[in-house]
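User: Please take a close look at one part of this model, the surroundings of the ligand. Then connect that part to the rest of the fold.

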Amino acid sequence: MIDCLMLGQTNVGKTLLSLQLSKHAGNTSLFVMQQLPTGEIRERFFVNTNEAIKTLVSDHRSTTLGLQTMGASVGTLLSSRLLLRDSTGLSSQAVEDNMVRLGMARTLEALVKTDIVLLVVDGSRLQAGCILDEVDEWALRFAMMRKIRRAVVVNKLDLPGVKRMSDGLKKHWRQEQIFTTSALQEKGLGPVLQFLQRKEE
Ligand SMILES: Nc1nc2c(ncn2[C@@H]2O[C@H](COP(=O)(O)OP(=O)(O)OP(=O)(O)O)[C@@H](O)[C@H]2O)c(=O)[nH]1
Ligand SMILES: [Mg+2]
């Protein structure tokens, strides 16, 4: 099995993007395994992506606590299965909630082990000058140091100015793979999926 960690700050769209990628990979109904920060495991079944979105996506901060795993391939061989691990959003600010802090620790544990990293950023929150936030840059550099397959996904393309920010980021990080998506409008998902399902490396 191949693990892809969906990493990024809170509310950037990690969960919605994970669900949409899974849907575009051909999964109509969905099993989601939730590993809570405490270690407790829950399995949830959704009849379709819309049900999953209603339950798992919100604009509250830190909706996802712990790791949420779902499939992003429909192959029968277990060795070729691609698993998306949606995670608790990281933050460079101090976080008071213990459960969120523990969730972030689980995200970091997963970063050390994962095969692929998708660093999701909210394009509408990118700073002028198109630089990444401190915590995002740290995560990207960590993945570079591990020499694992990685990409940045600039999400929320449907919001004003995001295309320009994404173009700026591409110039800044020329060596890195950068995709632009709207998880909301299901745009730009094909190239991300191809990148994830690529066989080599
Ligand atoms: N406009 C727009 N909104 C989006 C997009 N993707 C996600 N959102 C919205 O952003 C909010 C957060 O989405 P989530 O998928 O829950 O974000 P997350 O990164 O998983 O957030 P946490 O689990 O809280 O860290 C929701 O209101 C989504 O509907 C997008 O492409 N465009
Ligand atoms: Mg989430």
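Analyst: Ligand 1 is surrounded by 23 residues. The closest are Gly 13, Thr 15, Asp 59, Thr 64 and Gly 89. This is a predicted model, and every value here is computed from it. By class, the shell around ligand 1 holds twelve polar, six nonpolar and five charged residues. Helix H1, residues 14-24, gives the largest share of that shell, with three residues. Thr 15 falls within the range of H1.

Now the chain that carries this shell. The protein chain has six helices and eight strands. Read from the N terminus, the order of elements is β-α-β-β-α-β-β-α-β-α-β-α-β-α. The C-alpha atoms fit a box of roughly 40 × 40 × 35 Å along the principal axes. The radius of gyration is 16 Å; a compact globule of 201 residues would have one near 17 Å, so the two agree. Of the 201 residues, 39% count as buried. Contacts reach far along the sequence. Among those with a separation of 6 or more, 72% join residues 24 or more positions apart.

Next, the interior. In soluble globular proteins, nonpolar side chains tend to be buried together. Here the largest nonpolar core has 44 residues. Leu 7, Leu 118, Leu 119, Val 120 and Val 153 have the most contacts inside it. Strand E6, residues 116-122, supplies the largest share of this core, six residues.

What covers the two faces of E6? Start with the count: seven of the seven residues of E6 are buried. In a regular strand the side chains alternate between the two faces of the sheet. On one side of E6 lie Ile 116, Leu 118, Val 120 and Asp 122; on the other lie Val 117, Leu 119 and Val 121. All of these are buried, and thus both faces are covered.

E6 also has paired strands. Strand E1, residues 2-8, pairs with E6 in the parallel sense over five bridges. Within that pairing, Met 6 has Leu 118 as its bridge partner. Strand E7, residues 149-155, is joined to E6 by seven bridges and is also parallel. There, Val 117 of E6 stands opposite Arg 150.

Val 153 ties several of these pieces together. Setting aside residues up to four places away in sequence, Val 153 touches Leu 118, Leu 119 and Val 120. Its other contacts are Leu 17, Phe 179, Thr 181 and Val 192. Leu 17 falls within the range of H1, the helix with the largest share of the ligand shell.

Two arginines close the picture. Is Arg 106 buried or exposed? Arg 106 lies in helix H3, residues 98-113. Arg 106 is buried because 20 other C-beta atoms lie within 10 Å, and 20 or more is the cut-off. Beyond its neighbours within four places in sequence, Arg 106 is in contact with Pro 37, Gly 66, Leu 67 and Thr 88. Ser 62 is 44 residues from Arg 106 in sequence, and their C-alpha atoms are 13 Å apart.

Arg 198 sits in the segment after helix H6, which spans 189-197. Arg 198 counts as exposed because it has 11 C-beta neighbours inside 10 Å, and the limit is 12 or fewer. Arg 198 and Lys 147 are 51 residues apart along the chain, with 16 Å between their C-alpha atoms.

Technical notes:
Residues numbered from 1 in each chain as written. Chains lettered and ligands numbered in written order. Predicted model: local features only at pLDDT ≥ 70, side-chain atom pairs only at ≥ 80, totals over all residues. Near = placed C-beta within 6 Å. Helix = DSSP H or I, 4+ residues; strand = E, 2+ residues; numbered from the N terminus. Nonpolar A, V, L, I, M, F, W, Y, C, P; charged D, E, K, R; others polar. Rg over C-alpha atoms; globule rule 2.2 N^0.38 Å. Contact = placed C-beta atoms within 7 Å. Core = buried A, V, L, I, M, F, W, Y, C linked by C-beta atoms within 7 Å. Pairing = 2+ DSSP bridges.
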